[in-house]
Amino acid sequence: SDLFSSDLEKCGLIDNLEFKRGEIFSVKLRLKAESNKTQEQQGCFIEKFVEAFSNFTKTSWIVRKTFPSLKRLMFRKIYTCHHSSFNKKSVMCKTRGQDCKAKIDFVIKKINKDTIRNDKLLLDGYNVIVSIVFEHSHRVYVAEALSLLKCSKETEDIFKKYFDSGMTPCAAKNNNELNILDSFEGTGVNG
């Protein structure tokens with residue numbers, strides 16, 4: 001999550017920030033990405049950004065739309081909150097499909113004389129525009145919302161080791177809970 005630490009200026013500019021209250025804001029970031037990268041490499045850059053943003057905000061995002069071959073842009077990809085109604089059946093659990101409008105929109109512009117004429121930041125290499133609308137239709141930092149997040153790769157790897165050593169799911173869960181409690185022993189957190 002160093003991408004979202006106090007040194008954001010090292011990797012980009014905040015072009016526009018609208019902070020409404022608490023968990024509600026919208027921001028437009030300008031970042032630099034190498035123009036000679038393939039679409040697959042650009043997609044990898046975007047996925048790393050979304051992963052870091054997800055970890056920082058404790059939210060989860062799904063791909064809503066990808067624009068692979070555009071005339072004026074190198075790449076565009078739109079993510080939406082996993083609580084949106086996108087790809088959700090109407091009979092599905094109500095907590096998942098809450099018609100959330102939060103989204104992240106990535107645009108990677110081509111740099112040429114025509115695009116520079118309309119966007120002066122392209123001269124300095126700021127060809128990535130990240131528009132984040134963090135306005136969820138549900139509470140974000142509550143136990144129910146956090147319980148619906150996907151587990152981290154680190155947690156997934158820990159449980160794979162448990163299963164590879166022959167543990168049942170119940171034993172793996174209990175063992176993991178004990179390991180977590182042991183890590184807090186002596187810190188004063190656990191009483």
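**View 1. Aromatic pairs in the predicted model, with Phe53 and Trp61 in close-up.** Across the whole of this predicted structure, a search finds eight aromatic pairs. In the pair shown here, formed by Phe53 and Trp61, the ring centres are 6.0 Å apart and the planes make an angle of 45 degrees, an arrangement that is tilted. Phe53 and Trp61 are both buried, and they belong to one aromatic cluster together with Phe25 and Phe134.

**View 2. The rings of Phe159 and Phe163 in helix α4.** Because the ring planes of Phe159 and Phe163 stand at 50 degrees, with the centres 6.2 Å apart, this pair is likewise classed as tilted. Both residues lie in helix α4, which spans residues 153-164, and they are four residues apart, about one turn of the helix. Phe163 has a relative accessibility of 41% and therefore counts as partly exposed.

**View 3. Lys32 and the ring of Tyr126.** The charged end of Lys32 is placed over the aromatic ring of Tyr126, at 4.8 Å from the centre of that ring.

**View 4. The surroundings of Lys77 in strand β4.** Lys77 is part of strand β4, which runs over residues 73-81, and with a relative accessibility of 9% it counts as buried, because the cut-off for that class is under 20%. When neighbours within four places in sequence are set aside, the residues in contact with Lys77 are Ile46, Glu47, Val63, Lys65, Thr66, Phe67, Ile104, Asp105 and Phe106.

Conventions
Residues numbered from 1 in each chain as written. Predicted model: local features only at pLDDT ≥ 70, side-chain atom pairs only at ≥ 80, totals over all residues. Heavy atoms only, no water. Helix = DSSP H or I, 4+ residues; strand = E, 2+ residues; numbered from the N terminus. Buried < 20%, exposed > 50% of the residue type's maximum accessible area, 1.4 Å probe, protein only. Contact = heavy atoms within 4.5 Å. Phe/Tyr/Trp six-rings, centres within 6.5 Å; stacked < 30°, edge-to-face > 60°. Lys NZ or Arg CZ within 6 Å of the ring centre and 35° of its normal.
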